[in-house]
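Trainee: Could you walk me through how the helices and strands are arranged in this one?
Mentor: Gladly, let us look at it together.

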2 protein chains.
Amino acid sequence: MELQARALYDFDPENPGEISVREDEILTLYSERDIEGWFEGANSKGEAGLFPASYVEILPTTAAPAAVVVNNNSGAPRPMDPKRTRAPMYDNMALGGPNNPPDKVDNFSPGSAQRPPHQQQHLQHQQHPQHQQHPQDASQGSEDDWYDDWDDSSTVADDPPSAVYRDFDYRVSTTTTTSSSAQQRGGHQGKSSATVGKNLNRFSTFVKSGGEAFVLGDAAGVVRDWDRLCVVLGPHGPAWQDDPYPFACAIDDPTKQTKFKGMKSYMSYKLTPTHTQVQVNRRYKHFDWLYARLVLKFPVISVPHIPEKQATGRFEEDFISKRRKGLIWWMNHMTSHPVLAQCDVFQHFLTCSSTDEKAWKQGKRKAEKDEMVGANFFLTIGTPAAPLDLQEVEGKIDGFKAFTKRMDEGSMQLNATVGEFARKQITGFKKEYQRVGQAFKILGQAFEMDQQPYSAGLNQAISITGDAYEAIGDYFAEQPSKDLDPIMDLLALYQGHLANYPDIIHVQKGALTKVKESQKHVEEAKMDAPQAEGIKERCNIISFATMAEIQHFHRIRVRDFKAQMQQYLQEQIGFFQKITGKLEEALQKYDNA
Amino acid sequence: MELQARALYDFDPENPGEISVREDEILTLYSERDIEGWFEGANSKGEAGLFPASYVEILPTTAAPAAVVVNNNSGAPRPMDPKRTRAPMYDNMALGGPNNPPDKVDNFSPGSAQRPPHQQQHLQHQQHPQHQQHPQDASQGSEDDWYDDWDDSSTVADDPPSAVYRDFDYRVSTTTTTSSSAQQRGGHQGKSSATVGKNLNRFSTFVKSGGEAFVLGDAAGVVRDWDRLCVVLGPHGPAWQDDPYPFACAIDDPTKQTKFKGMKSYMSYKLTPTHTQVQVNRRYKHFDWLYARLVLKFPVISVPHIPEKQATGRFEEDFISKRRKGLIWWMNHMTSHPVLAQCDVFQHFLTCSSTDEKAWKQGKRKAEKDEMVGANFFLTIGTPAAPLDLQEVEGKIDGFKAFTKRMDEGSMQLNATVGEFARKQITGFKKEYQRVGQAFKILGQAFEMDQQPYSAGLNQAISITGDAYEAIGDYFAEQPSKDLDPIMDLLALYQGHLANYPDIIHVQKGALTKVKESQKHVEEAKMDAPQAEGIKERCNIISFATMAEIQHFHRIRVRDFKAQMQQYLQEQIGFFQKITGKLEEALQKYDNA
């Protein structure tokens, strides 16, 4: 039987593949499952294509109830492209949808059917970190898929390298009326709040992350002792409690492995955590899977992005070296984070024997069945007794928001500048010094024709000077990989974090809005005080976690940038000293000339 | 009464202003004086213009003798453009002739009336030294001219900036038949050689310099003791006897002087020779005059070129500084040369009071009446008793010829490379370092928004790092004037010398050819042995002088290039140390960050 829907608002297509719908138009749906917020179907004119799921209501196949199910929540959650969201999508059909449709309907106001203003997107430098969720992502695939070679054989770039960082046009819906289409929602919602409305916009990060559900008291789960996390009050405010067993993890040069009798090959990275001292082998797809789990689990933690995927040249030395450096940085940020470092799925990844497939699958299945994800993650957080001053928190979050924007801009500019500087040194600077060296040598060679015994020393010295300048040209060309590339690696990692923060801040802002709403409702006697107090307490937890995460960010930022700047300057000093030494060597040749 | 000439050969015009003449055609001459080898007149078709003087014979106005006077030698000698010749022209009407006609007829063979192949000309770098002889050159002008302001008011660039250096297609005419038109020649020719022919080509440097006249024994003059010069045998062969009273001469920053109630202004250079310690003021035109006298006087000495003339921007700081540096180098080479340093006209220039106009004019007149110029200069040279092995000399001269060609090429390339390198440092390098500095500072400014007290040290350190890179950009831009410009100044001076050597070598080669011819004539009994012996002896003197000059060139070349390369490297080392210091300063800021 044909599935039909009725358009609630007008929609005009903006991109290829989209079709127009008019209010009250009856549409044919090809599936009741939306594709990242879009339905595929046909309009009354017979045009087939995509239109926003939230613009329509599905018509019942037999009866016609007033409230319709817009979204089908069946199927295990899977992460969206982590660049865009950190929360599970309530469908598992993320294949082939239009480019990032959620952005489109993210902020729309149903009454006017307006589109949100296009989010400001920064031009993406190529070193910019971006983790592209793979369409055949195995996070919930069968175990058969899992060992498939998609990491090596699949096409990449299904997601264009769009901007990672979005400007802060946070979308906190303040609607207080509960839309009929939002009445029925699946997942962990134990009870529904009738007075403080849920966000109409199911694409809101606040909703997707589970933040809304938690704040409204809809999260429920059994928190085991070992799942508990603590936010403590440190000298600079809320902070994650330090990892009592800090460790690091070395990543050695990867080796090329083959399977299917050499038909397929892949790179295997050797990880050696300091707390086990047992080496395990992991492939890029394992990192990718882990990353997806972490993003799903932790709504207000900035999970470091793993280095970008690359389809071609995966076995080229430069790429391998670059990815390895990226993974080392990533690992450093993982083990530096008190929450991430200790979490089960990461520990499984670090410690499970690479040869014990059964144990790996067991751990993998366990991680994928983890209940303490999203909304429930907040249940695991313990906070200091004294609640935060939420107004103060709001100010600090706003300050941090402004900070990340500036840091993102500054990082991007530095990245572009440093990249260009590296290119200039490798090409132009090298060429100039080598040309000067060659010109000296040519003059020295001319001088050698002078038949004067007393000029032999000079001629040789000039020739050596020429050699010195040629060497200096090489020094300039070699230097960027030693000092500028590490800066770019660091910036890439941080640009990944900066891309995470808008969503983190959005969750906290959403919680704060709920508090304000509930206070208003209490004033208007639409809500009882204890319920509002519950919202406030849960917002306090989210705020503590957010503040702790921000604190952690600043702490590692200062640590990392200080270390990297020192290393950079030391490298630069060594570089110029090497040049000086080469020139001094040449100068000495003139002493007896 | 109309002056007429008969064409000896066909001539077809090649350039505007030239007219065609046919063999035996009767031509009307407007003057019996040729203009640098060209007569002005009209052909039988009534066309007026120029034709080669050597293609015609002047018809006597009354009788018709077989031998005709081709050239009128009346008038005091004046120097040609020193780029092209070092010897006096036998006319004083060098104005307005076609561009360098001597080249055209330089090598022609009368029988076929062929033109010489165009001399290979190197592209001229703009720093290439070139001294343009001024058309209103006062070397023989009235004393009234002398104090005229031609240095300031005249137009420049009457001579296009053509190549200074010419390839070594030396034109040694080996004609043995004495052309009737070359029979009568004016000047100091005491006797004429009937058996070893004079060069038909009066534009040959060998002829113009007086080399031919001297070798053929035609030079005559009273050599006073103080005019005597000595070539001695040094450890590396013939050398000019050292100046027993070596001195140097400082050139201070010039001052701008005005005259005609401020209507005219000029730069006045303050010279202070060490042997008098009395400061004298000289203008550029005085250098120019001196230079012209020296070129006229010394046929086989490479007179250093004075810095180029410049019509506009003469009072701009850059130009003044550049010319002063050029004059300092010039002065260094003047005082370093045992012959030039001691000569009367230079001493007059260095020591005559700037306020005693009468003394100046007296010395000037004396210099212009000096008889010991050109051919007679060779009379003043004393040589070691043992004559040189002329075959060996020939080999050495050929080797030097090859050397100068290579050095010229090498210098030109180094000059161009260094010029470009300087430009890159001033523009590109500076820009790159400053951009990096700015990008660091922008990131540091972003970091300052982080509200974290513990990051203040880092933020400041990053800002200081930014400052350091901006400073390094400036260092790069400032550096070329300290190390590359002096190299270019040196190269400019040497390119001037290299431009002189083809003519010097030409004179020696001409003398050698005369020796070979005379030996052949003796074998053929066309010349008596003593006459040939005289030619050989005089060739020996020219060869000693040439070898001494070459030796001097190598000696100062090794001295100058050694010193300049050392200075360059020291500057470069200091430069990179300064950068290192700046970076170390920045690095220290991170210690407490």
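Mentor: What follows goes through some helix pairs and some sheets, and please keep in mind throughout that this is a predicted model.

Trainee: OK, helices to begin with. At what angle do helix 11 and helix 12 of chain A pack?
Mentor: Helix 11 of chain A, residues 390-447, and helix 12 of chain A, residues 456-523, pack at an angle of about 165°, and their axes are 7 Å apart. Angles over 145 degrees count as roughly antiparallel, and that makes helix 11 of chain A roughly antiparallel to helix 12 of chain A.

Trainee: And is that crossing left-handed or right-handed?
Mentor: The crossing of helix 11 of chain A and helix 12 of chain A is left-handed. Sorted by class, the residues in the contact between helix 11 and helix 12 of chain A are 33 nonpolar, 17 polar and 11 charged.

Trainee: Now chain B: how do helix 9 and helix 10 of chain B cross?
Mentor: The axes of helix 9 of chain B (residues 344-351) and helix 10 of chain B (residues 357-368) come within 10 Å and cross at roughly 165°, which makes helix 9 of chain B roughly antiparallel to helix 10 of chain B. Helix 9 of chain B passes helix 10 of chain B in a left-handed crossing.

Trainee: Which residues make that contact?
Mentor: Helix 9 of chain B contributes B:Asp344, B:Val345, B:His348 and B:Phe349, while helix 10 of chain B contributes B:Ala359, B:Trp360, B:Gly363, B:Lys364, B:Lys366 and B:Ala367. By class, the contact of helix 9 of chain B with helix 10 of chain B has 5 nonpolar, 2 polar and 3 charged residues.

Trainee: Switching to sheets, what is the strand order in the one with strand 11 of chain A?
Mentor: That is an open sheet of 3 strands in chain A, in the order 10-11-12, with antiparallel pairing. Strand 10 (249-259) and strand 12 (280-283) of chain A are the edge strands, each pairing on one side only, and neighbouring strands of this sheet are turned by 35° against each other on average, direction ignored.

Trainee: How many bridges join strand 10 and strand 11 of chain A?
Mentor: There are 9 bridges between strand 10 of chain A and strand 11 of chain A, residues 264-273, and A:Asp252 stands opposite A:Lys270 of strand 11 of chain A. Helix 6 of chain A, residues 284-297, lies across strand 11 and strand 12 of chain A and runs at about 80° to strand 12 of chain A.

Trainee: What about the sheet with order 9-8-13 in chain A, which strands are at its edges?
Mentor: This open sheet of 3 strands has mixed pairing. Strand 9 (237-240) and strand 13 (381-382) of chain A stand at the edges with a single partner strand each, so one side of each has no neighbour in the sheet. Strand 8 (residues 229-234) and strand 9 of chain A run antiparallel and are joined by 4 bridges, with A:Gly234 opposite A:Gly237 in strand 9 of chain A.

Trainee: Which helix lies across strand 8, strand 9 and strand 13 of chain A?
Mentor: Helix 13 of chain A, residues 529-588, does so, running at about 80° to strand 9 of chain A.

Trainee: Last one: how many residues of strand 3 of chain A are buried?
Mentor: In strand 3 of chain A, residues 38-42, 4 of the 5 residues are buried. Strand 3 of chain A is joined by 5 bridges to strand 4 of chain A (residues 48-52), which runs antiparallel to it, and A:Trp38 stands opposite A:Pro52 in strand 4 of chain A.

How values were computed
Residues numbered from 1 in each chain as written. Chains lettered and ligands numbered in written order. Predicted model: local features only at pLDDT ≥ 70, side-chain atom pairs only at ≥ 80, totals over all residues. Heavy atoms only, no water. Axes fitted to C-alpha atoms, helices over the stretch in contact; angles between N-to-C directions. Helix = DSSP H or I, 4+ residues; strand = E, 2+ residues; numbered from the N terminus. Parallel < 35°, antiparallel > 145°, perpendicular 65-115°, else oblique. Left-handed = near helix turned anticlockwise from the far one by under 90°. Nonpolar A, V, L, I, M, F, W, Y, C, P; charged D, E, K, R; others polar. Pairing = 2+ DSSP bridges. Contact = heavy atoms within 4.5 Å. Buried < 20%, exposed > 50% of the residue type's maximum accessible area, 1.4 Å probe, protein only.
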